[in-house]
Amino acid sequence: MTASESAERFRLTDQYQALKADVHRHLIALIEARNIDIDTWTADRVNRFVAEQVRQFVLEKKLPVNQREIEALVRDAHNELMGYGPIQQLVDDDTVDDIVVNGPYNVFVERGGRLFEAPVRFIDEQHVIRVIQRILAPLGRRVDESTPMVDARLPDGSRVNAIIRPISLEGPCLSIRKFKKHPLLEDDLLRLGTATKEEIAYLRERVEKRTNIIIVGGTGTGKTTFLNLLSQWIPQGERIITIEDAAELRLRHRHVVRLETRPPNLEGQRAVTARDLVRNALRMRPDRIILGEVRGDEVLDMLQAMNTGHDGSMTTLHANNPYDAVHRLELLAGFAGYTGSEQTLLGQIVSALQLMVHLARLPDGRRCVLSIAEIRGIKGHELDLREVFRFEADSGRHLDLRAAA
Ligand SMILES: Nc1ncnc2c1ncn2[C@@H]1O[C@H](COP(=O)(O)OP(=O)(O)OP(=O)(O)O)[C@@H](O)[C@H]1O
Ligand SMILES: [Mg+2]
């Protein structure tokens with residue numbers, strides 16, 4: 001074991017956690033006693049202060065810690081005072097895409113599509129909550145018993161979700177999806193084995209020809225990333241309106257209006273829903289509407305928009321396969337107060353949507369286009385799909401089915 005590995009291991013022990021908590025309490029007492037306004041200090045000054053105090057503390061208490069362990073203590077104490085505590089190092093690490101905290105002792109990160117346990121932990125549940133509040137405070141939000149669930153976007157575009165007891169039985173949970181400095185585009189998806197050149201070329205042509213497209217897949221399968229990619233191919237000069245709960249899409253078009261929904265305020269009022277925004281978007285003379293995700297009663301307005309001249313609109317839907325996707329749309333339409341017959345609704349769905357892209361996460365963590373299918377109409381009570389491309393799991397090949405048709 002190298003010295004740094006053993007220091008990493010030491011940081012997970014109860015002994016270290018107790019020591020860290022002691023150091024933190026000591027620093028807080030000192031700051032209060034000296035009336036220091038730490039927020040006005042530069043990071044450098046805080047760092048020097050913390051380093052000095054930690055060394056002194058260790059000396060005075062004659063603690064058996066080595067140089068590397070002192071360095072770990074200094075870094076953790078600094079993060080505790082200034083940043084996001086134990087997860088600050090994960091936030092700073094550019095190779096980490098997602099951070100998930102399930103209660104104080106289980107922290108995981110996603111790197112390159114795979115989940116790993118992270119070598120960090122919190123002292124206790126209160127500690128997790130303090131960090132959550134610190135993340136949310138600059139956004140004017142907080143979690144507490146009356147708002148035990150918060151979904152928010154950080155100034156850098158990262159997405160944060162926090163949920164605490166009594167709703168979360170694991171104790172406070174925090175999920176951070178970091179905003180990628182460079183979103184994954186065509187070359188990345190080719191390199192990562194998500195799609196083939198042929199698939200990309202085909203989709204690009206369909207986007208240019210104003211096909212209505214829906215991207216379906218489970219959580220974190222790369223739907224939003226894919227929607228962002230497709231959107232890049234919309235010809236410049238078209239007027240695009242995007243509607244999202246948290247603005248994730250990054251378009252480089254000139255004629256783009258980005259709209260974001262707003263959650264209700266503390267009194268449960270003044271929400272602006274995706275449905276409000278789809279309706280409003282229709283009055284803004286869009287060429288295309290891009291809805292980040294259909295998940296509620298905006299479904300009817302979106303279908304209507306797609307059926308009435310906003311060709312080339314696109315959206316994503318959380319569903320495990322194409323048939324499931326249609327059932328979800330029907331279900332959402334039902335919740336939204338649709339009262340017509342099932343057959344009419346299905347008719348509306350299939351005339352609105354022309355192409356379905358199905359994404360999945362393979363067991364090795366890779367995201368993959370499982371199929372690209374044209375929606376041709378209705379067969380009986382089901383969708384009539386014609387697959388244009390299909391991923392064959394056994395051979396690991398993406399089949400081009402165009403010649404077969
Ligand atoms: N093709 C890909 N290959 C590898 N990683 C990817 C790919 N597409 C997306 N990712 C990564 O996976 C994570 C989730 O991506 P994304 O937000 O696009 O998924 P999603 O399906 O929209 O998720 P959600 O269900 O939460 O809306 C991000 O960290 C993203 O960078
Ligand atoms: Mg998404």
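## Ligand site, second pocket and backbone features

Ligand 1 is surrounded by 18 residues, of which Lys180, Thr194, Lys223, Thr224 and Thr225 come nearest. The model described here is a predicted one.

Where does ligand 1 lie with respect to domain 2 and domain 3? Ligand 1 lies between them, because domain 2 (83-179) and domain 3 (186-400) both give residues to its shell. Among the structural elements, helix H9 (residues 223-232) contributes the largest share of that shell, with three residues. By class, the shell around ligand 1 consists of three nonpolar, eight polar and seven charged residues.

Oxygen atoms of ligand 1 are placed close enough to several side chains to form polar contacts, for which the cut-off is 3.5 Å between N or O atoms. The table gives three such pairs.

| Side chain | Ligand 1 atom | Distance |
|---|---|---|
| Asp98, N or O atom | oxygen | 3.3 Å |
| Lys180, N or O atom | oxygen | 2.5 Å |
| Thr225, polar atom | oxygen | 2.5 Å |

On its own, ligand 1 has 630 Å² of accessible area, and the protein covers 90% of this. Lys180 and Thr225, which appear in the table with distances of 2.5 Å, are also among the residues that come nearest to ligand 1.

A further site is the second largest pocket, which holds about 390 Å³ of space. Its lining comprises 16 residues, and those nearest the pocket centre are Asp94, Lys178, Phe179, Lys180 and Lys181. Lys180 thus belongs to the lining of this pocket and to the shell around ligand 1. Helix H5 (residues 88-92) gives the most to the pocket lining, namely three residues. The lining of the second largest pocket divides into six nonpolar, three polar and seven charged residues.

Two backbone features in loops complete the description. The peptide bond from Arg165 to Pro166 is cis, its omega being near 5 degrees. Pro166 is placed in the loop that joins strand E5 (159-163) and strand E6 (173-177). Lys62, although not a glycine, has a positive phi of about 50 degrees. The loop in which Lys62 is found runs between helix H3 (43-60) and helix H4 (67-82).

Definitions and conventions:
Residues are numbered from 1 along each chain as its sequence is written. Chains are lettered from A and ligands numbered from 1 in the order in which they are written. This is a predicted model: local features need pLDDT of at least 70, side-chain atom pairs count only at pLDDT 80 or more; totals for chains, interfaces and linings use all residues. Side-chain values use heavy atoms; hydrogens and water are left out. A residue is near a molecule or strand if one of its heavy atoms lies within 4 Å of it. A polar contact is a pair of N or O atoms within 3.5 Å; within protein, one must be able to donate a hydrogen and the other to accept it, and residues adjacent in sequence count only if both atoms are side-chain atoms. Accessible areas come from the Shrake-Rupley method with a 1.4 Å probe; for residues, only the protein chains shown count as cover. Helices (H or I, at least four residues) and strands (E, at least two) are DSSP runs, numbered from the N terminus. Ala, Val, Leu, Ile, Met, Phe, Trp, Tyr, Cys and Pro count as nonpolar, Asp, Glu, Lys and Arg as charged, and the others, Gly among them, as polar. Domain bounds come from an automatic or database domain assignment. On a 1 Å grid over the protein atoms alone, a cavity is a set of points where a 1.4 Å probe fits but cannot get out, and a pocket is an open set with protein on both sides within 12 Å along at least five of seven lines; lining residues have an atom within 4 Å of a point. Grid points are joined across faces, edges and corners, and a volume is the space filled by probe spheres set on the points.
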